[in-house]
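Here is a short briefing on one protein structure. Please keep the sequence and the 3D view at hand while reading.

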Amino acid sequence: MAEADRGGDTGGRLPGSTAGGTGGVVPPGEHSEFWRKFKPVAQVFRPGAMPEAYIANAATDDERYYAPLSETVGTRPLWISPSQNRWCDVLMCRGAGLVNRHYHPQQVFAYTISGKWGYLEHDWVATAGDWIYEAPGEAHTLIAYECDEPMRVTFNVTGPLIWLDENGEPSGHFDVFDYIKLCRDHYEKVGIGADYIDRLFR
């Protein structure tokens, strides 16, 4: 039996794929779309599985899609999981902005699309291409800097957020159900329709 057929040391490669290349780089002489010779998986979804989510132009300039997370920062929902108390979004701010200080009991991931942002509590400034991991147990104040481009950051958040007062003491919370209501109310107000959010549930 061939190595690829018996699931041996192929590193998860498809039979006939090139080994030993640099990740993300097509080896010299290879066709740029060499993968066209492979057949798609016949059974894409297992019974009961939810469909994938595809959102074109996720970081859109259309400000209607950004619900107000604060007076200066908007959030566009991309994916929402009520059962996990979790959501993915794009935060957007034109010019200087702020999201009220808060505490995360769960982890957060962020990837910067454009603009400049950071936290009052840290000395780094994130710009396009920068990735951030926020560990459970962190409290901070999100800020957006003046910049030629709007701040756009995609976040993967597990709730809740615990809002903090000026002394760092809890003053409220914000979970996935608060997030859903915020987005529904805004989308209804701007004419997109509150039911737009339903397509984002997984």
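**Nonpolar surface patch**

Tyr111, Ile113, Trp131 and Tyr133 make a nonpolar surface patch of about 420 Å². Strand 5 and strand 7 are the elements that give two or more residues to this patch. The model is predicted. The points below go through the patch, the two sheets, the helix, the salt bridges and one buried leucine.

**More on the patch**

- Isoleucine 113, one of the patch residues, is found in strand 5.
- Is isoleucine 113 buried, partly exposed or exposed? Isoleucine 113 has 34% relative accessibility, so it counts as partly exposed.

**The six-strand sheet**

- One open sheet has 6 strands in the order 1-2-3-9-5-7. The pairing in this sheet is antiparallel.
- Strand 1 (67-68) and strand 7 (131-134) are the edge strands, and each pairs on one side only.
- Strand 7 therefore combines two roles: it is an edge strand, and it gives two or more residues to the nonpolar patch.- Strand 5 (residues 108-114) and strand 9 (residues 151-158) run antiparallel and are joined by 6 bridges.
- Within strand 9, valine 157 is the residue that stands opposite valine 108.

**The five-strand sheet**

- A second open sheet is formed by 5 strands, in the order 6-8-4-10-11. Its pairing is antiparallel.
- The edge strands here are strand 6 (117-119) and strand 11 (170-174). Each of them pairs on one side only.
- From one strand to the next, the twist averages 35 degrees.
- Strand 10 and strand 11 run antiparallel, with 4 bridges between them.

**Leucine 161**

- Leucine 161 is found in strand 10 (residues 161-164).
- Is leucine 161 buried or exposed? Its relative accessibility is 7%, so leucine 161 counts as buried. The cut-off for buried is under 20%.
- Phenylalanine 174 in strand 11 is the bridge partner of leucine 161.
- Histidine 173 lies 12 residues from leucine 161 along the chain. The C-alpha atoms of the two are separated by 5.6 Å.
- Neighbours within four places in sequence aside, leucine 161 is in contact with Trp87, His102, Tyr103, His104, Gly172, His173 and Phe174.

**Helix 1**

- Histidine 186 has its place in helix 1. Its relative accessible area is 14%, so histidine 186 is buried.
- Which residues does histidine 186 contact, leaving aside neighbours within four places in sequence? They are Glu63, Arg64, Tyr66, Ala67 and Pro68.
- Helix 1 also holds lysine 181 and aspartate 185, 4 residues apart, about one turn of the helix. Their side chains meet in a salt bridge (2.6 Å, N to O).
- Lysine 181 is exposed, with a relative accessible area of 52%. Aspartate 185 counts as partly exposed, at 42% relative accessibility.

**Salt bridges**

- How many salt bridges are counted? The count comes to 7 salt bridges.
- Aspartate 61 and arginine 152 meet through their side chains in a salt bridge (2.1 Å, N to O). This pair links distant parts of the chain, 91 residues apart. Aspartate 61 is in the segment before strand 1, and arginine 152 is in strand 9.
- Aspartate 61 has a relative accessible area of 52%, so it is exposed. Arginine 152 has 9%, so it is buried.
- A salt bridge also brings together the side chains of arginine 94 and glutamate 63 (2.5 Å, N to O). These residues are 31 apart and again link distant parts of the chain. Arginine 94 is in the loop between strand 3 and strand 4 (97-104), while glutamate 63 is in the segment before strand 1.
- Arginine 94 is partly exposed, with a relative accessible area of 43%. Glutamate 63 counts as partly exposed, at 46% relative accessibility.
- Asp61, Glu63, Arg94 and Arg152 are joined into one network by salt bridges that share partners.
- Glu63 of this network is one of the residues in contact with histidine 186.

Terms used
Residues numbered from 1 in each chain as written. Predicted model: local features only at pLDDT ≥ 70, side-chain atom pairs only at ≥ 80, totals over all residues. Heavy atoms only, no water. Pairing = 2+ DSSP bridges. Patch = residues over 30% accessible without salt bridge, like charges linked within 9 Å, V, L, I, M, F, W, Y side chains within 5 Å. Areas by Shrake-Rupley, 256 points an atom, 1.4 Å probe, with all protein chains shown as cover. Salt bridge = Lys/Arg side-chain N within 4 Å of Asp/Glu carboxyl O. Buried < 20%, exposed > 50% of the residue type's maximum accessible area, 1.4 Å probe, protein only. Contact = heavy atoms within 4.5 Å. Axes fitted to C-alpha atoms, helices over the stretch in contact; angles between N-to-C directions.
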